[in-house]
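Reader: I am new to this structure and would like to go through it step by step. Could you show it to me before we begin?

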Number of protein chains: 2
Amino acid sequence: MHLKLHQNILQHIKMTEEEMILFDSYWTERVLQKGEYLLRNGELSITDNYVVSGALKAFYINPTRGTEEILFFAIEDWWATDLLSFNKQKPSNYTIQALETTHIIQIHRQAFQDMLASLPQLERYFRIILESYLGSLQRRIIVQNTMAAEERYHDFIAHYPLIAQKVPQYLIASYLGISPEFISRIKNK
Amino acid sequence: MHLKLHQNILQHIKMTEEEMILFDSYWTERVLQKGEYLLRNGELSITDNYVVSGALKAFYINPTRGTEEILFFAIEDWWATDLLSFNKQKPSNYTIQALETTHIIQIHRQAFQDMLASLPQLERYFRIILESYLGSLQRRIIVQNTMAAEERYHDFIAHYPLIAQKVPQYLIASYLGISPEFISRIKNK
DNA sequence: GGGAAAAATTGATCTAGGTCAATGGATATT
DNA sequence: AATATCCATTGACCTAGATCAATTTTTCCC
């Protein structure tokens, strides 16, 4: 019973209880300890992952500067997958790592195909998820291009209060493309 | 015969000639004159649009500053649609306008549904397109967060030489989140 | 082809936010 | 509980890139 994911799906499409039971059979639970990797830069992503609880970070490693650049955070009810790598079986461009003990449920590539074949109404759900994510990326680009660092920080806190709570400030700084010191200064006002 | 789109589709999935003839029946051609709007901020997007030739810009209007912030350009073989608006029938957040005489082919919402029902293998094509776009947005966020203005400009020229050719510099500046003056200075080196 | 409008360039000046280094708190590990 | 590591804060200084204003160049249009 992957209740949290059921609820998420039912917000977008209709599924009967029997269908949900079939659905569950394709997925497995997994627990990641703090610091454990879900996916590493250069590997092929073979699972699609849904976060039930905890927190993950996804980051690029900047080869020249040697720094980690946060691409996104994933907390409960978010997906944490490199879709390009998962679908096209190309090496992943980024790394996904647990920030704390994290419960996820995951599905392997082949099981994912089988599931969509047996429950085709899920195509729609996954397209909706993709589009929502796409919309949020577009919004983020505009925010980055048009808002000052301080505005961006406040915007982040307002939009993602749960993430702001559990993620250290220097990672939020990286996500926002500003320095950790500057976030300190913003807060002291 | 929407040849350019056929070629694009055949790069990703298989379709027979008969299927392509059926495919074509759902689409209509349209020509936009320079300055003409394909979609305006606040409207519902009722068509999905594929650019055959010409160039379009998509931009947010920054309400406080009153400026246009470029979200993307679309030239030949690109899609130019507000997907969130098209699929969820929500008011669009941005405006799409022709930068020069532009030939597009478009499909209405209902026709799009009908087409997917009659040619279900297209689901895959559109998912691939969506994912590619997602990858490019993720890349753009990293570039914006980690590269200096000058690097970003060179990166843009290297990745999108065709766009750089036909789009005025001050719009590229907006896309990159830098000032037009600074691009001038970059070029004089 | 000539005038107007739009775009690009250049110079001068200013500032948001970075960098570096030192210090101080928290957290975690034994 | 003590120590080590990680993270946040603070101050001093610096620079990438913005802004503003004045030309110059290009493009458009009758």
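**A salt bridge, a sheet and a contact**

Author: Please keep in mind that this is a predicted model. We may start with R139(A), which forms a salt bridge with D155(A); their closest N and O atoms are 3.0 Å apart.

Reader: Which parts does that pair tie together?

Author: R139(A) belongs to helix 5 of chain A and D155(A) to helix 6 (residues 149–159) of chain A, so the salt bridge links parts that are 16 residues apart in sequence.

Reader: How many salt bridges does the structure hold over all chains?

Author: Over all chains there are 14 salt bridges. Between chain A and chain B, however, the count is zero.

Reader: What about residue pairs in polar contact between chain A and chain B?

Author: Ten residue pairs are in polar contact there, both residues being at pLDDT 80 or more.

Reader: Which elements of chain A give two or more residues to the side that touches chain B?

Author: They are strand 5 (68–75), helix 3 (83–88), helix 5 (121–146) and helix 8 (169–176) of chain A. The largest share comes from helix 5 of chain A, with 17 residues.

Reader: And how do the residues on that side of chain A divide?

Author: They comprise 15 nonpolar, ten polar and eight charged residues.

Reader: How many residues does each chain bring, and what area is buried?

Author: Chain A and chain B each contribute 33 residues to the contact. The area buried between the two chains is about 3,100 Å², and carbon and sulfur atoms give 60% of that area.

Reader: Let us change topic. What is the strand order in the open sheet of three strands?

Author: In chain A the order is 1-7-3, and the pairing is antiparallel.

Reader: Why is one side of strand 1 and of strand 3 left without a neighbour in the sheet?

Author: Strand 1 (28–32) and strand 3 (47–53) of chain A stand at the edges and each have a single partner strand, so one side of each has no neighbour in the sheet. Neighbouring strands of this sheet are turned by 35 degrees against each other on average, direction ignored.

Reader: How many bridges join strand 3 to strand 7?

Author: Six bridges join strand 3 of chain A to strand 7 (residues 102–108) of chain A, and the two run antiparallel. As one example, N49(A) has Q106(A) in strand 7 of chain A as its bridge partner.

Reader: What packs on the sheet?

Author: Helix 4 (residues 109–118) of chain A does, touching strand 3 and strand 7 of chain A. The direction of helix 4 makes about 70 degrees with that of strand 7 of chain A.

Notes
Residues numbered from 1 in each chain as written. Chains lettered and ligands numbered in written order. Predicted model: local features only at pLDDT ≥ 70, side-chain atom pairs only at ≥ 80, totals over all residues. Heavy atoms only, no water. Contact = heavy atoms within 4.5 Å. Buried area = accessible area lost by both parts, 1.4 Å probe. Salt bridge = Lys/Arg side-chain N within 4 Å of Asp/Glu carboxyl O. Polar contact = N/O pair within 3.5 Å; in protein donor to acceptor, adjacent residues only side chain to side chain. Helix = DSSP H or I, 4+ residues; strand = E, 2+ residues; numbered from the N terminus. Nonpolar A, V, L, I, M, F, W, Y, C, P; charged D, E, K, R; others polar. Pairing = 2+ DSSP bridges. Axes fitted to C-alpha atoms, helices over the stretch in contact; angles between N-to-C directions.
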